[in-house]
Amino acid sequence: MEKTMTKINTSAMTPVVATVYELRFKVAAVKETVWNYLKDCSYEVNPGDIILNGTMGELWRVPKEKLVKKYENLDGTPIDPSAVEPGVFHTIRTKVSKDISWCVQVPIYEGPFETTTEQGDVLKGNREGVRHGQGDYIFMADNGGKPEPSWGAWVVNGNVFANTYQAAEI
């Protein structure tokens with residue numbers, strides 16, 4: 001049976017912040033579809049849209065504003081998507097941030113689940129054929145020191161989580 005974010009007990013969620021890690025981005029040169037194999041979710045992208053390529057090769061679309069807010073060039077300078085060659089991946093890193101997210105692990109033995117992002121994308125966790133460590137995580141944004149389910153949720157693969165998040169100091 002699949003779970004949805006509405007069945008998640010938000011009081012069991014813990015606060016985390018992203019660590020600094022490298023990933024890649026490109027500005028789409030043509031209309032294309034990218035597939036995030038970790039979450040079994042496809043994204044339609046148009047020329048000029050931003051595509052991220054995560055630590056395990058997974059792909060997803062993000063708004064330009066989010067790219068500029070959360071990521072930077074390897075030398076610490078701001079990213080200018082208009083200054084890069086479209087269609088070519090560029091290595092970047094996350095910015096040091098104290099922005100809190102909330103998460104809870106769904107143990108692999110509880111089976112697959114689904115959740116919906118604020119953009120309406122349906123993401124699948126603990127899906128068959130993908131390594132998850134002890135299980136994938138459901139994440140929610142912070143709203144005044146607590147998780148905010150009404151803003152949607154997202155999934156972070158259990159193997160990715162270990163290298164990209166740490167406990168938040170609150």
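In the predicted model, the charged end of Lys39 is placed over the ring of Trp60, at 5.6 Å from the ring centre. This arrangement satisfies the criterion for a charge over a ring, because the NZ atom of a Lys has to be within 6 Å of the ring centre and within 35 degrees of the ring normal.

Contacts between aromatic rings were examined next. A pair of aromatic rings is described by the distance of the centres and the angle of the planes. The count of aromatic pairs comes to five. One of them is formed by Phe161 and Tyr165, with 5.8 Å from centre to centre and 15° between the planes. This pair is classed as stacked, because planes under 30 degrees apart fall into that class. Phe161 has a relative accessibility of 15% and therefore counts as buried. Tyr165, at 14% relative accessibility, likewise counts as buried; the cut-off for buried is under 20%. Phe161 and Tyr165 also belong to a cluster linked by ring pairs, together with Tyr137, Phe139 and Trp154.

A further site is centred on Thr94, a residue of strand 8, which spans residues 90-94. Thr94 has a relative accessible area of 5% and is therefore buried. The side chain of Thr94 reaches the backbone oxygen of Thr19 at a distance of 2.7 Å. When neighbours within four places in sequence are left aside, the residues in contact with Thr94 are Thr19, Val20, Tyr21, Leu23, Lys70, Tyr71 and Glu72. Thr19 thus appears both in this contact list and as the residue whose backbone oxygen is reached by the Thr94 side chain.

Methods. Residues numbered from 1 in each chain as written. Predicted model: local features only at pLDDT ≥ 70, side-chain atom pairs only at ≥ 80, totals over all residues. Heavy atoms only, no water. Phe/Tyr/Trp six-rings, centres within 6.5 Å; stacked < 30°, edge-to-face > 60°. Buried < 20%, exposed > 50% of the residue type's maximum accessible area, 1.4 Å probe, protein only. Helix = DSSP H or I, 4+ residues; strand = E, 2+ residues; numbered from the N terminus. Polar contact = N/O pair within 3.5 Å; in protein donor to acceptor, adjacent residues only side chain to side chain. Contact = heavy atoms within 4.5 Å.
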